[in-house]
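The following exercises concern the empty space, the helix packing and the strand pairing of one protein chain. Each task is followed by a solution in steps.

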Amino acid sequence: MKRVLENIRACYPRISEESLIRLEKCVERRLFPPRHVMVREGAFAGFAYFIEKGITRSYWMVDGEEVTTSFAAEGSIVFSMDELYYGKKSEEYVETIEAVEAYAIPVPVLRRLFETDLGLANWGRIIHQDEYRRLHRSHKERLSCNAVERYECFRRQFPEVCLRVRLGDIASYLGITSSTLSRLRARK
């Protein structure tokens with residue numbers, strides 16, 4: 001869980017070692033193959049996953065099409081927000097893009113840690129602030145930037161994703177067609 005803990009410390013440097021030990025005691029290592037659905041729309045996943053190695057994408061189904069909403073790589077956490085915060089079935093999917101090594105924590109255990117450990121609660125708040133900011137920027141870019149500008153913003157924000165993810169998944173995230181993205185990449 002080395003990368004995960006490094007990411008937590010980088011995100012919230014004031015977190016105590018006691019909080020991290022408490023978290024580590026609650027997780028179990030899991031391995032997932034490429035293209036495995038970790039979280040499924042209309043279901044309870046039961047777990048949140050800390051990504052140690054590999055990359056995932058989150059997506060919604062809209063009119064029979066997969067619409068990519070985010071990517072998560074080493075050090076990130078993925079889960080159903082609906083399940084963790086609202087006790088409801090997921091409204092989205094989380095799929096592995098590569099083989100993934102993750103550490104699973106049961107959703108009720110993570111919820112209890114957030115309620116009882118101030119360091120973990122503050123870390124959780126910060127990752128959600130950052131995610132809200134990313135979503136806000138993404139929304140703004142879709143409304144105010146052309147395809148070239150959106151792709152350039154994406155490349156700056158997620159350079160590793162550009163190298164590791166299918167063209168169609170990136171195009172879906174950007175709200176453009178794969179052929180448009182292919183032409184943009186050919187210009188570079």
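A pocket is an open set of grid points with protein on both sides within 12 Å along at least five of seven lines, and a residue counts as lining if an atom lies within 4 Å of a point. The model examined here is predicted.

**Exercise 1. Describe the largest pocket and its lining.**

Step 1. Begin with the volume: the largest pocket holds about 1500 Å³ of space.

Step 2. Locate the centre. The lining consists of 48 residues, and Ser70, Phe71, Glu131, Arg134 and Leu135 are the closest to the centre of the pocket.

Step 3. Assign the lining to elements. At least two residues each come from α1 (2-11), β4 (56-62), β5 (65-72), β6 (77-78), α3 (81-86), α5 and α7 (159-164). The greatest contribution is that of α5, with 13 residues.

Step 4. Sort the lining by class: 22 residues are nonpolar, 14 polar and 12 charged.

**Exercise 2. Determine how α5 is oriented against α6, and which residues meet.**

Step 1. Two packed helices are described by the angle between their axes and the distance between the axes.

Step 2. For α5 (residues 118-144) and α6 (residues 147-157), the angle is about 160° and the axes are 9 Å apart. Since angles over 145 degrees count as roughly antiparallel, α5 is roughly antiparallel to α6.

Step 3. On the α5 side, the contact involves Arg134, Glu141, Arg142 and Ser144; on the α6 side, Glu149, Arg150, Cys153 and Gln157. By class, this contact has 1 nonpolar, 2 polar and 5 charged residues.

**Exercise 3. Carry out the analysis for α4 and α5.**

Step 1. The axes of α4 (residues 107-116) and α5 come within 6 Å and cross at roughly 105°. Angles of 65 to 115 degrees count as roughly perpendicular, so α4 is roughly perpendicular to α5.

Step 2. Leu113, Phe114 and Thr116 of α4 meet Leu118, Leu120, Ala121, Trp123 and Gly124 of α5. This contact comprises 6 nonpolar and 2 polar residues, with no charged ones.

**Exercise 4. Identify what lines the largest cavity.**

Step 1. One should count first: there is 1 cavity of 30 Å³ or more. The volume of the largest cavity is about 50 Å³.

Step 2. Its lining is made of Ser138, Glu141, Arg142, Arg150, Gln157, Tyr173 and Leu174. By class, these are 2 nonpolar, 2 polar and 3 charged residues.

Step 3. At least two lining residues come from each of α5, α6 and α8 (167-174), and α5 has the largest share, 3 residues.

Step 4. Relate the cavity to Exercise 2. Glu141, Arg142, Arg150 and Gln157 line the cavity and also take part in the contact of α5 with α6.

**Exercise 5. Establish the strand order of the open sheet, and examine the hairpin of β4 and β5.**

Step 1. The open sheet has 4 strands in the order β1-β8-β3-β6, with antiparallel pairing. β1 (28-32) and β6 stand at the edges with a single partner strand each, so one side of each has no neighbour in the sheet.

Step 2. Within this sheet, β3 (residues 47-53) and β8 (residues 100-106) are antiparallel partners over 6 bridges. In this pair, Ile51 is opposite Ala102 of β8.

Step 3. Turning to the hairpin, β4 and β5 run antiparallel and are joined by 7 bridges. Val62 faces Glu65 of β5. The hairpin has 2 residues between its strands, and Asp63 takes a positive phi near 50°.

Definitions and conventions. Residues are numbered from 1 along each chain as its sequence is written. This is a predicted model: local features need pLDDT of at least 70, side-chain atom pairs count only at pLDDT 80 or more; totals for chains, interfaces and linings use all residues. Side-chain values use heavy atoms; hydrogens and water are left out. Axes are lines fitted to C-alpha atoms, for helices over the stretch in contact, and angles run from 0 to 180 degrees between N-to-C directions. Angles under 35 degrees count as roughly parallel, over 145 as roughly antiparallel, 65 to 115 as roughly perpendicular and the rest as oblique. Contact means heavy atoms within 4.5 Å. Ala, Val, Leu, Ile, Met, Phe, Trp, Tyr, Cys and Pro count as nonpolar, Asp, Glu, Lys and Arg as charged, and the others, Gly among them, as polar. On a 1 Å grid over the protein atoms alone, a cavity is a set of points where a 1.4 Å probe fits but cannot get out, and a pocket is an open set with protein on both sides within 12 Å along at least five of seven lines; lining residues have an atom within 4 Å of a point. Grid points are joined across faces, edges and corners, and a volume is the space filled by probe spheres set on the points. Two strands pair if DSSP finds at least two bridges between them.
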